Amino acid sequence: MTHSKGIWLSIELLHDTSLTMQEKLILSEIKQLSELDTKQCYASNEHFAKLLNISKKSASNTISSLVKKDKITV
């Protein structure tokens, strides 16, 4: 199976005003990674930090925010 490279944002996610753009990008990557194999995402904070050129702490804070907003579970 061939996978495209990049992040795809649904129109619903793009217009979700409860999320920051960083949250939208990380959530989109989590959804795409979870669809690959196990229906779960095992990417590290380092993965998201490198992808978005942010610190690991910022990635961690964004993921924590997504948990608080009930967008993901960890």
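In the predicted model, a nonpolar patch on the surface is formed by I11, L14 and M21, whose accessible areas together amount to about 270 Å². Of these residues, M21 belongs to helix α2, which covers residues 21-34. The relative accessibility of M21 is 42%, and this residue is therefore classed as partly exposed, the class lying between the limits of 20% and 50%.

Helix α1, made up of residues 11-14, contains E12. The relative accessible area of E12 is 59%, so that this residue counts as exposed, the threshold for that class being over 50%. With respect to a residue elsewhere in the chain, E12 and N45 are 33 residues apart in sequence, and a distance of 25 Å separates their C-alpha atoms.

A contrasting environment is found for K24, which, like M21, is located in helix α2. K24 is buried and nevertheless takes part in no salt bridge, the nearest side chain of opposite charge being that of D16, at 6.4 Å; the distance criterion for a salt bridge is 4 Å, taken between a side-chain nitrogen of Lys or Arg and a carboxyl oxygen of Asp or Glu. When residues up to four places away in sequence are set aside, the contacts of K24 are with L9, L13, L14, H15, D16 and L19. Two of these partners recur in the description above, since L14 is also a member of the nonpolar surface patch with I11 and M21, and D16 is also the nearest oppositely charged side chain to K24.

At the level of the whole chain, the secondary structure consists of four helices, with zero strands, and the order of elements from the N terminus is α-α-α-α. The C-alpha trace extends over about 35 × 25 × 20 Å along its principal axes. For a compact globule of 74 residues a radius of gyration near 11 Å would be expected, and the value of 12 Å computed for the protein chain agrees with this expectation.

Buried residues account for 27% of the 74 residues in the protein chain, K24 being one of the residues classed as buried. Among the contacts with a sequence separation of 6 or more, 39% join residues that are 24 or more positions apart. The accessible surface of the protein chain totals about 5,400 Å², and carbon and sulfur atoms contribute 53% of this area.

Terms used
Residues are numbered from 1 along each chain as its sequence is written. This is a predicted model: local features need pLDDT of at least 70, side-chain atom pairs count only at pLDDT 80 or more; totals for chains, interfaces and linings use all residues. Side-chain values use heavy atoms; hydrogens and water are left out. Patches are made of residues with over 30% relative accessible area and no salt bridge: like charges are joined within 9 Å, nonpolar side chains (Val, Leu, Ile, Met, Phe, Trp, Tyr) within 5 Å. Accessible areas come from the Shrake-Rupley method with a 1.4 Å probe; for residues, only the protein chains shown count as cover. Helices (H or I, at least four residues) and strands (E, at least two) are DSSP runs, numbered from the N terminus. Buried means under 20% relative accessible area, exposed over 50%, partly exposed in between (1.4 Å probe, protein chains only). The radius of gyration is taken over C-alpha atoms; the globule rule is 2.2 Å times the number of residues to the power 0.38. Contact means heavy atoms within 4.5 Å. Lys and Arg count as positive and Asp and Glu as negative; His and the chain ends are not counted.
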